[in-house]
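Subject: Structure handover

Hello,

Here is the structure I promised to pass on. Please open it first, then read my notes below.

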Amino acid sequence: MPHRSPGAPGHGAGNYLSGKVITYYRPRGSADVRDLIDHGFQAFNAGRLSEACHIFSEKMLAPENDTTVGLTIAGALTPAGLGGCVIEMMERGLVDFIISTGANLYHDLHYALNFSLHRGSPFLDDVELYEQGIIRIYDVLFPASVLLETDLYIRDFLVRSKLSGAMSTSEFHYRLGMDLLERNPGCAEYSVVAHAAKSGVPLYTSSPGDSSIGMNIAYHELMNDSTLMIDPNKDVNEVCAIILAATKNGCVILGGGSPKNFYLQGQPTLWEVYGIPKGGNDYFIQFTTDQVVWGGLSGATPAEAVSWGKVNPGVLPDTVVSYVDSTIAFPLFCEYAVGSTNNRRQRKELVHTREALVADLVRQAKAAGEEKPITEAPAGAEIDRHR
């Protein structure tokens, strides 16, 4: 679809969806890309991307380090076609669990259900798009019917599955992924949600109500008297248990936002709340366009994270932030990893061990609590509640 400036003549009805269909690109480990990153990406943010590739492929994936890798995803990355990179990394055991915005998992369902998203332009007449029933995510276009049909599938799944009671988002997404696999066995090759269920990778959403999946769960409760409840407490404890059980911990952060914090808060939760001094993350890689000067979490550096106990202070050389769009950086990063020596690991399949890991968290937390002296206010001491 040709580029045009706002206010320039638009396109006729029916032409908006003439752009190429967006597909899930799967990295193949290109030797040329590896050579470019090793020898051409030498300084500034290209240099940081090269550094990230080396930290990941040579340290985080080294068998002797046995790193549990968490991937966090913020921004509209599945609509942009990056789901294929995530699938390839899960398939190879290079990602052990994922924390994503709910929107990324919802839009991934379009691919699982064989709907099409198209390349477009960010400079279109949105009023006309609205009148034509076309949805725009920057330069990604698709008919509004895709939303309606995806919503219909989710509501149908909720009724058929008879899910009830409180559950973690990892459990919900696993059940959803298994349903997709049953209804369309081949969809694991082009759906993150389906492939995660197949490969045992837990999928967490840090704000489950903030997406169309959550919207349909809310509908199910209100209109069908469902008792299904997404319990964020279970998510917090499962992620903490996964981090606690790991030999070493490392993260790859795409964008920032709530998924970034939900992962990084695991270490402070262990020492601050449960009294278990894990020591902070061992590796930290982030691709973001957010800046540290604005004070937001998305732009916060790994050095700042040290003060919170989120990152081990002794491993700052193994942390890096590359200030670049994830849709550029992540495919290159994955190409490099897939072409590296450590390009395949045995999958941890953490989705099947969550209960045992949480039980161990409980055991260690109780033991830590028994070791702590109980402190009380001195006898007769008064607390000034008006101060």
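I start with helix α4, residues 102-112. Of its 11 residues, 10 are buried, so the helix is largely enclosed by the rest of the structure. The buried ones are G102, N104, L105, Y106, H107, D108, L109, H110, Y111 and A112. Bear in mind throughout that this is a predicted model.

What comes after α4? Just past the helix, N114 takes a positive phi of about 70°. N114 has this positive phi although it is not a glycine. N114 sits in the loop between α4 and β3 (118-119). Its relative accessible area is 54%, so N114 counts as exposed; the cut-off is over 50%.

Two of the buried α4 residues lead to a serine elsewhere in the chain. S191 touches D108 and A112, along with Y24, I87 and L180, leaving out residues up to four places away in sequence. S191 lies in the loop between α7 (169-183) and α8 (192-199). Is S191 buried or exposed? Its relative accessibility is 0%, so S191 counts as buried. The S191 side chain makes a polar contact with the side chain of D108, at 2.8 Å. A polar atom of the S191 side chain also lies 3.1 Å from the backbone nitrogen of A194.

I87, one of the residues that S191 touches, belongs to α3. Helix α3 covers residues 83-91, and 8 of its 9 residues are buried, so α3 too is largely enclosed by the rest of the structure. Here the buried residues are G83, G84, C85, V86, I87, E88, M89 and M90. Which elements do they pack against? They pack against α2, β1 (67-73), β2 (97-100), α8 and α14. After α3 comes G93, with a positive phi near 75°.

Next, α2, one of the partners of α3. This helix runs over residues 44-60 and holds S57. At 5% relative accessibility, S57 counts as buried. A polar atom of the S57 side chain lies 2.8 Å from the backbone oxygen of C53. C53 and S57 are four places apart, which fits a general point about helices. An α-helix has 3.6 residues a turn, so residues three or four places apart point the same way. Beyond its sequence neighbours within four places, S57 is in contact with Y336, S340 and N342.

Those contacts lead to the loop between α14 (326-338) and α15 (354-371), where T341 is found. T341 is exposed, with a relative accessible area of 76%. T341 and L61 are 280 residues apart in sequence, but their C-alpha atoms are 9.3 Å apart in space. E349 lies in the loop between α14 and α15 as well. Its phi is positive, near 50°, and E349 is a residue other than glycine. E349 counts as partly exposed, at 34% relative accessibility.

One more loop deserves a look. L228 has its place between α9 (212-224) and β8 (229-230). How accessible is L228? At 1% relative accessibility, L228 counts as buried. L228 touches L158, L163, S164, G165, M167, F172, I217 and E221, not counting residues up to four places away in sequence. L228 and A218 are 10 residues apart in sequence and 9.2 Å apart in space, C-alpha to C-alpha.

Now the whole chain. It has 15 helices and 11 strands. The radius of gyration is 22 Å, close to the 21 Å that the globule rule gives for 387 residues, so the chain is as compact as a globular protein of that length. The C-alpha trace spans about 80 × 60 × 50 Å along its principal axes. Of the 387 residues, 51% count as buried.

Contacts between residues at least 6 apart in sequence say something about the fold. Of these, 79% join residues at least 24 apart. The accessible surface comes to about 18,000 Å², and 54% of that belongs to carbon and sulfur atoms. As for charge, the chain has 31 positive and 44 negative charges, and their mean positions are 3 Å apart.

Best wishes

Notes: Residues numbered from 1 in each chain as written. Heavy atoms only, no water. Helix = DSSP H or I, 4+ residues; strand = E, 2+ residues; numbered from the N terminus. Rg over C-alpha atoms; globule rule 2.2 N^0.38 Å. Buried < 20%, exposed > 50% of the residue type's maximum accessible area, 1.4 Å probe, protein only. Contact = heavy atoms within 4.5 Å. Areas by Shrake-Rupley, 256 points an atom, 1.4 Å probe, with all protein chains shown as cover. Lys, Arg positive; Asp, Glu negative; His and termini not counted. Charge placed at Lys NZ, Arg CZ, Asp CG, Glu CD. Polar contact = N/O pair within 3.5 Å; in protein donor to acceptor, adjacent residues only side chain to side chain.
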